[in-house]
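Dear colleague,

I am passing on the structure we spoke about, and I would be glad if you could look through it before reading my notes. What I found in it follows below.

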Amino acid sequence: MQNWIDAYSWINIRFLLQGLGITIFISVISVVLSFIFGSILGIIRYAKIPYFSRIVGFIIDVVRNLPLLLIIFFTYFGLPAFGFKPDTIPAAILAMTFFESMMIAEIIRSGILAVDIGQMEAARAQGMKLGQAMWHVILPQAYKKMIPALVSQFISLIKDTSLATIIVVPELMQHGQVVYGQNPNYIIPVFVIMAVMYFVVCYALSLLSRYIDHRMA
Amino acid sequence: MIKLLVDNWSAFISGFGWTVLSSIVALFFSLIIGSLFAILEVMPSKTARVIGNIYVEIFRNIPLLVITMFFYLVIPLYVVKINGFTAGTIGLTIYTSAFIAETVRSGINSVDIGQMEASRAQGMTFWQAMRYIVLPQAFKLVIPPLGNQFINLVKNSSVLAFVAGFDLMYQGNAIASTTFETVNTYIVVGVFYLVITLPISYYMQHLERKLA
């Protein structure tokens with residue numbers, strides 16, 4: 001029991017909360033950036049531009065089928081060979097954004113495909129250009145359909161930031177390791193509190209997504 | 001790059017083997033555990049549903065790395081000495097089983113409720129109806145999403161590198177740190193992963209199109 005009380009001293013908890021802050025910071029920046037890049041890539045793949053869409057589509061498929069951990073390693077240890085040496089947090093954001101953009105591109109593309117083709121035809125028949133029809137008619141409907149998939153992608157992104165601990169990004173998992181590194185008796189208490197912190201953030205998001213989905217249906 | 005591959009062929013192949021082994025073992029057990037919890041989630045008893053729900057929600061919302069490291073650090077400390085490969089595979093199994101439970105449950109829910117009612121009306125017990133009537137239909141529906149779960153499982157097996165699980169990622173790091181050919185090593189490791197994941201991914205896309 002004493003172990004648990006010692007492990008949950010305010011200094012340790014505050015340290016873990018700082019880690020959680022970094023985790024959320026990395027996740028939010030990465031998700032915003034990858035939403036933008038993912039939308040562009042998804043639309044390119046959907047648009048079936050000769051050759052170009054094919055190549056983009058292939059790159060999306062390749063990256064989606066690689067472990068994120070490999071991409072994190074490559075960003076942090078491989079990129080310096082090309083004369084670009086990012087710091088740990090930017091490296092994590094770069095790796096996550098690269099990977100998540102490809103994941104989100106697929107979500108966006110299937111969201112667009114799920115919108116009835118008649119919507120596009122009607123919009124074009126009204127004299128809208130392709131871009132206008134996309135922006136004003138198709139995308140608003142597509143994004144609405146994609147909310148659950150996007151939120152669950154965001155949840156996996158938050159969970160995946162824990163992998164960045166391998167390049168010593170000071171996020172929650174890393175801070176947890178520092179705390180239980182002081183004393184092996186802290187291992188179980190620290191894992192419990194880390195699990196609770198991740199769970200609260202991720203579960204709250206999944207409840208939010210269910211609520212939005214419910215409201216819109 | 002070819003030279004790197006040839007020089008370290010045995011390390012790459014052994015890593016590849018451990019990755020495949022861990023993925024298949026974890027898939028096998030998480031299919032069983034996942035299906036059991038999926039059935040719990042649709043049982044008439046409220047207690048069973050709550051237990052199923054709690055399991056799924058807990059393990060879906062905690063990072064795989066936290067689960068894996070927990071098993072790697074805690075079991076040897078208090079229960080029995082296990083190596084990184086075993087701890088990693090247990091972590092993978094538990095994490096994946098929560099996702100498989102979700103997938104199978106949605107499959108069971110999309111089987112017409114009349115199927116269950118009709119079987120029960122024929123005098124079958126809940127478990128008989130589940131086993132012979134509902135599950136066979138449900139599994140057919142969830143093959144594409146299960147395939148995607150398997151791809152995730154193969155990719156996730158890279159966390160074995162954290163616990164010295166001898167997998168592809170672990171071997172890749174070892175090779176990168178001895179040869180200093182970081183970029184080439186990681187490219188080769190990536191190709192090895194793609195050899196497993198890309199064909200499954202394309203096949204599942206094909207299946208999905210065929211079923212739709």
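**Chain A, and how chain B meets it**

Chain A has 9 helices and 0 strands, so that, read along the sequence, its pattern is α-α-α-α-α-α-α-α-α. Please keep in mind throughout that this is a predicted model.

As to overall form, the C-alpha atoms of chain A fill a box of roughly 75 × 50 × 20 Å along the principal axes. Of the 217 residues in chain A, 39% are buried, and among the contacts in this chain with a separation of 6 or more, 76% are made by residues 24 or more positions apart.

The UniProt record, an unreviewed entry, places the feature "domain: ABC transmembrane type-1" at residues 20–209 of chain A. In the model that stretch is 81% helix and 0% strand, with its end C-alpha atoms 21 Å apart.

The helix I would look at next is α9 of chain A, which runs over residues 187–216 and, with 30 residues, reaches 43 Å from its first C-alpha to its last, close to the 44 Å expected at 1.5 Å a residue. Its buried residues include Ile187(A), Val190(A), Phe191(A), Met194(A), Met197(A) and Tyr198(A), and you may wish to read that list with the general point that an α-helix has 3.6 residues a turn, so residues three or four places apart point the same way. Ile193(A) and Cys202(A) are buried in α9(A) as well. What covers the buried residues of this helix includes α1 (2–7), α2 (10–47), α7 (130–160) and α8 (172–182) of chain A, together with α4 (64–78) of chain B.

That brings me to the two chains together, where 29 residues of chain B are in contact with 28 residues of chain A. On the side of chain B that touches chain A, the elements giving two or more residues are α3 (46–60), α4, α7 (126–156), α8 (168–179) and α9 (182–211) of chain B, and of these α9(B) gives the most, with 10 residues. By class, this side of chain B has 21 nonpolar, 6 polar and 2 charged residues.

For chain B, the UniProt annotation "transmembrane region", again from an unreviewed entry, covers residues 20–40, 61–79 and 186–204. In the model, residues 20–40 of chain B are 100% helix and 0% strand, with the end C-alpha atoms 30 Å apart, while residues 186–204 of chain B are likewise 100% helix and 0% strand, with the end C-alpha atoms 26 Å apart.

With best wishes

Methods: Residues are numbered from 1 along each chain as its sequence is written. Chains are lettered from A and ligands numbered from 1 in the order in which they are written. This is a predicted model: local features need pLDDT of at least 70, side-chain atom pairs count only at pLDDT 80 or more; totals for chains, interfaces and linings use all residues. UniProt positions are given in the numbering used here, feature names are shortened, and annotations may be inferred rather than shown by experiment. Helices (H or I, at least four residues) and strands (E, at least two) are DSSP runs, numbered from the N terminus. A residue is buried if 20 or more other C-beta atoms lie within 10 Å of its own, exposed if 12 or fewer, and partly exposed in between; C-beta atoms are placed from the backbone. Two residues are in contact if their C-beta atoms, placed from the backbone, lie within 7 Å. The expected span of a helix is 1.5 Å times one less than its number of residues. Ala, Val, Leu, Ile, Met, Phe, Trp, Tyr, Cys and Pro count as nonpolar, Asp, Glu, Lys and Arg as charged, and the others, Gly among them, as polar.
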